[in-house]
Amino acid sequence: MIKKILSKLAEWFFKSKSTLFDSVEEYEAIKAEEKELRFSFKWWLQQVMKIMFLVIIIIITLLLFGCSPATVTKYEPVYIPVKCEVIEPKLPVYSGDIIKDNLKILKYADELKISLNKCIGR
């Protein structure tokens with residue numbers, strides 16, 4: 001079992017070693033072809049497409065940057081709670097007459113509003 005594993009490792013090692021030597025020889029051939037292909041239509045098209053892609057990304061970025069909302073400062077009044085002593089008027093007493101009871105409730109609401117307005121300062 002161990003001999004099989006060692007033989008497989010040896011095969012893999014020597015195979016990768018020969019691949020390395022083959023790739024060095026092929027590297028020079030590829031360089032020679034690259035010099036010929038450098039001025040081909042396909043090469044120029046690839047270069048133009050790279051540049052166009054970058055230009056399009058830059059333009060889209062600038063256009064989207066213009067869509068960001070402007071900062072607007074809005075001032076609103078801030079109310080600070082202040083302790084105020086309000087004299088609460090007497091609650092109206094139910095008498096049974098609807099008209100008199102409604103008048104008493106309206107009078108109570110007016111007195112309460114007046115005493116609360118004193119705290120606000122109106």
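## Exercises on a predicted three-helix chain

Cys84 and Cys119 form a disulfide (a pair of cysteine sulfur atoms within 2.5 Å), with their sulfur atoms 1.5 Å apart. The model is a predicted one, in which local features need pLDDT of at least 70 and side-chain atom pairs count only at pLDDT 80 or more, whereas totals for chains, interfaces and linings use all residues. Residues are numbered from 1 along each chain as its sequence is written, and side-chain values use heavy atoms, with hydrogens and water left out.

**Exercise 1.** Determine the handedness of the disulfide between Cys84 and Cys119, and state which parts of the chain the pair ties together.

*Solution.* Begin with the torsion about the S-S bond, which is about -75°, so the disulfide is left-handed. Next, place the two partners: Cys84 lies in the loop between α2 (41-66) and α3 (98-120), while Cys119 is in helix α3, so the pair ties together parts that are 35 residues apart in sequence. Helices here are DSSP runs (H or I, at least four residues; strands are E, at least two), numbered from the N terminus. Finally, consider accessibility, where buried means under 20% relative accessible area, exposed over 50%, and partly exposed in between, with a 1.4 Å probe and protein chains only. Cys84, at 35%, counts as partly exposed, and Cys119, at 30%, also counts as partly exposed.

**Exercise 2.** Compare the end-to-end span of α2 with its expected value, and decide whether this helix is largely in the open or buried.

*Solution.* The expected span of a helix is 1.5 Å times one less than its number of residues. For the 26 residues of α2 this rule gives 38 Å, and the end C-alpha atoms are 37 Å apart, which agrees. As to burial, the number of buried residues in α2 is zero, so the helix lies largely in the open. The unreviewed UniProt entry annotates residues 48-66 as "transmembrane region"; UniProt positions are given in the numbering used here, feature names are shortened, and annotations may be inferred rather than shown by experiment. The span 48-66 is 100% helix and 0% strand, with its end C-alpha atoms 27 Å apart.

**Exercise 3.** Identify the buried residues of α3, and check the length of this helix.

*Solution.* The buried residues of α3 are Asp101, Tyr108 and Ser115. With 23 residues, α3 reaches 33 Å from its first C-alpha to its last, close to the 33 Å expected. Just after α3, Gly121 takes a positive phi of about 100°.

**Exercise 4.** Find the salt bridge, and state whether its partners are buried or exposed.

*Solution.* A salt bridge requires a side-chain nitrogen of Lys or Arg within 4 Å of a carboxyl oxygen of Asp or Glu, and by this rule the count comes to one. The partners are Lys74 and Glu76, whose closest N and O atoms are 3.7 Å apart. Lys74 is exposed, with a relative accessible area of 65%, and Glu76 is exposed as well, at 56%.

**Exercise 5.** Describe the chain as a whole, and say where its confidence is lowest and highest.

*Solution.* The chain comes to three helices and zero strands, and buried residues make up 3% of its 122 residues. For confidence, use pLDDT, the predictor's confidence in each residue, from 0 to 100: the mean over the chain is 80, and 80% of its residues reach 70 or more. Confidence is lowest in helix α1 (residues 2-37), at a mean of 67, and highest in α3, at 90.
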